[in-house]
Amino acid sequence: MAKDNKTNAMRKLDSMKLSYKEHYYTDTDAVSGVETAAALGEDPARVFKTLVTVGKSGAHYVFMVPVAEELDLKKAASAAGEKSVAMIKSKELLPLTGYIHGGCSPVGMKKQFRTFIHKTAADFETIYCSGGKVGFQIELPLETLQKVIPVEPAELIRG
């Protein structure tokens, strides 16, 4: 892949000499995470979406959950040690993280926020997350992701 097509997330992984696989699905109409998983031919349980929240304290947190699941805000607040957390407004995403909605990667954000991943991520040899641009996904083991950012496994989804 040409260097100019690299995203911040990919450059960060490359700079740390960590291995990952790039996946592209720009030739489909995949919009939702479930559609993204289908475009990749992957189990939606292995494909994680990145959600950015703000806690009652004003601190920001990143939560990664399987694309077919919903973030349980009470469980998220509990994991973060907050009274409550709320999703940030879409217009706040780019200035805060450097990424746009649909292309937000937990890797390579402008600032590193405390990050949590649903505990089922540990069940898979590799997981997928946004590569930092719509249509770009990166596949890597959870252990590799944890070398780049301190990701904490937690119970995060409804049910």
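The charged side chains of this predicted model number 21 positive and 19 negative, and the centres of the two sets are 9 Å apart. The accessible surface of the protein amounts to about 8,100 Å², with 52% of that area belonging to carbon and sulfur atoms. Beneath this surface, buried residues account for 45% of the 159 residues.

As for the overall fold, the protein contains five helices and eight strands. Followed along the sequence, these elements come in the order α-β-α-β-β-α-β-α-β-β-β-α-β. The radius of gyration is 15 Å, close to the 15 Å that the globule rule gives for 159 residues, so the protein is as compact as a globular protein of that length. Along the principal axes, the C-alpha atoms fill a box of roughly 45 × 30 × 30 Å. Of the contacts with a separation of 6 or more, 62% are between residues 24 or more positions apart.

Helix 1 is a convenient place to begin a closer look. This helix spans residues 8-15, and Ala9, Met10 and Leu13 are buried in it. Viewed down the helix axis, the buried residues of helix 1 fall within an arc of 95°, so they line one face of the helix. The general geometry is familiar: an α-helix has 3.6 residues a turn, so residues three or four places apart point the same way. The cover over the buried residues of helix 1 includes strand 1 (21-24), strand 7 (136-140) and helix 5 (142-148).

The loop between helix 1 and strand 1 holds lysine 17 and also leucine 18. How do these two neighbours fare, buried or exposed? Lysine 17 has a relative accessibility of 75% and counts as exposed, whereas leucine 18, at 15%, counts as buried. The backbone deserves a glance here too, since lysine 17, which follows helix 1, has a positive phi near 55°. Most residues other than glycine have a negative phi. Leaving aside neighbours within four places in sequence, leucine 18 is in contact with Leu13, Thr144, Lys147 and Val148. Leu13 is one of the buried residues of helix 1. Leucine 18 and alanine 39 are 21 residues apart in sequence, and their C-alpha atoms are 25 Å apart in space.

Helix 3 offers another buried face to explore. Within this helix (residues 73-80), Ala76, Ala77 and Ala80 are buried. Down the axis of helix 3, these buried residues fall within an arc of 100°, so they too line one face of the helix. The face turned away from that buried side carries the exposed residues Lys74 and Ser78. On the buried side, the packing partners are strand 3, strand 4 (85-87) and strand 5 (114-118).

Strand 3 and strand 5 can each be followed through a buried residue. Valine 62 sits in strand 3 (residues 60-66) and is buried, its relative accessible area being 1%. Not counting residues up to four places away in sequence, valine 62 touches Thr50, Leu51, Val52, Met109, Phe113, Arg114, Thr115 and Phe116. One of these partners, phenylalanine 113, is 51 residues from valine 62 in sequence but 6.4 Å away in space, C-alpha to C-alpha.

Threonine 115, another of the residues touched by valine 62, belongs to strand 5 and is buried with a relative accessible area of 0%. Beyond neighbours within four places in sequence, threonine 115 is in contact with Val62, Met64, Ile149, Pro150, Val151 and Glu152. The C-alpha atoms of threonine 115 and valine 47 are separated by 16 Å, with the two residues 68 apart along the chain.

A loop residue completes the picture. Serine 105 is found in the loop between helix 4 (90-97) and strand 5. Is serine 105 buried or exposed? At 0% relative accessibility, this loop residue counts as buried. With neighbours within four places in sequence set aside, the contacts of serine 105 are Ala9, Thr50, Tyr99, Ser130, Gly131 and Gly132. Among them, Ala9 is a buried residue of helix 1, while Thr50 is also touched by valine 62. Serine 105 and valine 134 are 29 residues apart along the chain, and 9.9 Å separates their C-alpha atoms.

Key:
Residues are numbered from 1 along each chain as its sequence is written. This is a predicted model: local features need pLDDT of at least 70, side-chain atom pairs count only at pLDDT 80 or more; totals for chains, interfaces and linings use all residues. Side-chain values use heavy atoms; hydrogens and water are left out. Helices (H or I, at least four residues) and strands (E, at least two) are DSSP runs, numbered from the N terminus. The radius of gyration is taken over C-alpha atoms; the globule rule is 2.2 Å times the number of residues to the power 0.38. Buried means under 20% relative accessible area, exposed over 50%, partly exposed in between (1.4 Å probe, protein chains only). Contact means heavy atoms within 4.5 Å. Accessible areas come from the Shrake-Rupley method with a 1.4 Å probe; for residues, only the protein chains shown count as cover. Lys and Arg count as positive and Asp and Glu as negative; His and the chain ends are not counted. The place of a charge is taken as NZ of Lys, CZ of Arg, CG of Asp or CD of Glu. The arc is that of the directions from the helix axis to the C-beta atoms.
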